[in-house]
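Load the model, switch to a cartoon view and colour by chain. The stops below can be selected one after another.

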Amino acid sequence: MTAKSINRPPAGKNPLEWAVFALSFLLVLGVVGILAEEVLRWQDSPARLTAQIGGTALQDGARWIVVEVRNDGEGLAADVEIEVQAGDESADFTLDFVPRGTVRSGRVSFPQTIDPAAAKVSIRGYREP
Amino acid sequence: MNFSHQRSIPQSLQEYGRGIAGGLMFSLPLLYTMEVWWAGFTLHPGRILLYLACTFVVLMLYNRFAGLRRDAALREVAIDSVEEMGLGLVLASLVLWLTGRIDHDMSLAELAGKIVMEGMTVAIGISVGTAQLGGEGTEDEGVAGDERWSGGYLPQAAIGLCGAVLFVANVAPTEEIGVIAMESSPRMLLLLAALSILLGALVLHFAGVHGADRHVARDTWLLSLRGIVTTYAVALVAAGACLYFFGRLDGLPWQLAFAYCVVAAVPAVLGASAGRLLLQIRPPGH
């Protein structure tokens, strides 16, 4: 045994290390719990998408319409194509992903003369990754 | 409970600082890779759980055989591994939030998936950083290793696996691996495999890499051959596992999946050879 080890205080973790361990343990346990619950409720079924107008705004001479897309199904939807129609005008955009249980949003622009109350949103299709 | 170390709070803070620096250094490419963000919600949650469990095993192997706790009991190694996972999750969350990859509108499952897929590599980086970035004169520097364990064939293979994972995890999730695998002819894949084996042999036996004289068995040609073959096998396993965990092998025919593994094994073999030697900061029993 060296002189250095003789002078060394009794081995053990200090309060800071115990606190970090305790928080880490709870964090890892929480993450495992969330993922385990997801595993238990997982079903191999397709995405169930709904889209609705989330709001409108006049900005820079254009009428902007916010569209919110929600996935209440089990599967993931990729490349979700959204079309918005307002009178004779139409606009579209694509969302990369809408995971299950989440809401993703996008915006389309129209001439400011359109009636935003007449705007209708539809989902053209999506890809199953 | 018996522990092998005693640190003051400032020393612990220093060690956490080294870990955070290492965690960011080794995992920053992944934190900036969108395929990894996507993996958090495209993968089955069971696979993400398995990834978390496998990372825990890799951390245990590294901490036991190559890190600062070579003289520690299994329980102490487990405690340190949990700490590193927790810090990895916190650090990954922070970077993902700062870069706008997570927000309060996301579901818990998406948040957990993204943070775990990023945080586990950060945790391995924290473990390596804590051990590798330490300066002279710290308490841990004087720890005596157990040569019987850490110098053996299986421990060296385990450390090689840690090195391979650390290297290949940074490229496995990217589209580029698939592009190379799909566009390579069988002849080119064979050449890539030969290059990987040659790289392993070069690093372990001919390049004079620091630590090779102590950690590479080379008493007979058979032992040398075993080391080279094992290094490539470990690299292939690490490449296949990382590709699987990032969802890159899903739906592929086995021939193409194998091509992916051969392509990803090139960086993995560097991790299993040079990385393995660099990860062993001190010779066992020094």
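Start by selecting residues 18-36 of chain A, which an unreviewed UniProt entry lists as a "transmembrane region". Keep in mind throughout that this is a predicted model. The selected span is 100% helix and 0% strand, and a distance drawn between the C-alpha atoms at the ends of residues 18-36 of chain A should read 26 Å.

Next, turn to chain B. For this chain the unreviewed UniProt entry gives "transmembrane region" for residues 20-41, 48-65, 188-207, 227-246 and 258-279. Two of these are worth selecting separately. Residues 48-65 of chain B are 100% helix and 0% strand, with end C-alpha atoms 26 Å apart. For residues 258-279 of chain B the end C-alpha atoms are 28 Å apart, and the span is 95% helix and 0% strand.

Now show both chains and select the contact between them. How many residues of chain A are in contact with chain B? The contact involves 32 residues of chain A and 38 residues of chain B. The size of an interface is often given as the accessible area lost when the parts come together. Between chain A and chain B the buried area is about 3200 Å², and carbon and sulfur atoms give 73% of that.

Stay at this interface and display side chains. Three salt bridges are counted between chain A and chain B. For a salt bridge to look at, pick A:Lys13 and B:Asp80, whose side chains meet with an N to O distance of 3.1 Å. Then select helix α2 of chain A, residues 15-41: this helix supplies 16 residues, the largest share of the side of chain A that touches chain B. The polar contacts between chain A and chain B come to seven residue pairs, both residues being at pLDDT 80 or more.

Leave the interface and move to the strands of chain A. Select β1, β2 and β5: these three strands form an open sheet in the order β1-β2-β5, with antiparallel pairing. The edge strands are β1 (49-59) and β5 (103-111) of chain A, each pairing on one side only. Neighbouring strands in this sheet are turned against each other by 25 degrees on average, direction ignored.

Zoom in on strand β2 of chain A, residues 62-71, which pairs with β5(A) in the antiparallel sense over nine bridges. Label A:Arg63 to find a residue opposite it in β5(A), namely A:Phe110.

The second sheet of the tour is also in chain A. Select β4, β3 and β6, an open sheet of three strands in the order β4-β3-β6 with antiparallel pairing. Why is one side of β4 and of β6 left without a neighbour in the sheet? Both β4 (89-98) and β6 of chain A stand at the edges and have a single partner strand each, so one side of each has no neighbour there. From one strand to the next the twist averages 20 degrees.

Follow β3(A) towards each partner in turn. With β4(A), the antiparallel pairing runs over nine bridges, and A:Ile82 has A:Phe93 as its bridge partner in β4(A). The two strands β3(A) and β4(A) form a hairpin with two residues between them. In that turn, select A:Gly87 and check phi: the angle is positive, about 65 degrees.

With β6(A), the antiparallel pairing of β3(A) runs over six bridges. A:Ala78 has A:Arg127 as its bridge partner in β6(A).

For the last stop, select A:Glu83 and A:Arg124, which form a salt bridge with their closest N and O atoms 3.4 Å apart. The pair links distant parts of the chain, 41 residues apart: A:Glu83 belongs to β3 (residues 77-86) and A:Arg124 to β6 (residues 120-127) of chain A. Over all chains, the structure holds 12 salt bridges.

Key. Residues numbered from 1 in each chain as written. Chains lettered and ligands numbered in written order. Predicted model: local features only at pLDDT ≥ 70, side-chain atom pairs only at ≥ 80, totals over all residues. Heavy atoms only, no water. UniProt positions renumbered as here; feature names shortened; annotations may be inferred. Helix = DSSP H or I, 4+ residues; strand = E, 2+ residues; numbered from the N terminus. Pairing = 2+ DSSP bridges. Axes fitted to C-alpha atoms, helices over the stretch in contact; angles between N-to-C directions. Contact = heavy atoms within 4.5 Å. Buried area = accessible area lost by both parts, 1.4 Å probe. Salt bridge = Lys/Arg side-chain N within 4 Å of Asp/Glu carboxyl O. Polar contact = N/O pair within 3.5 Å; in protein donor to acceptor, adjacent residues only side chain to side chain.
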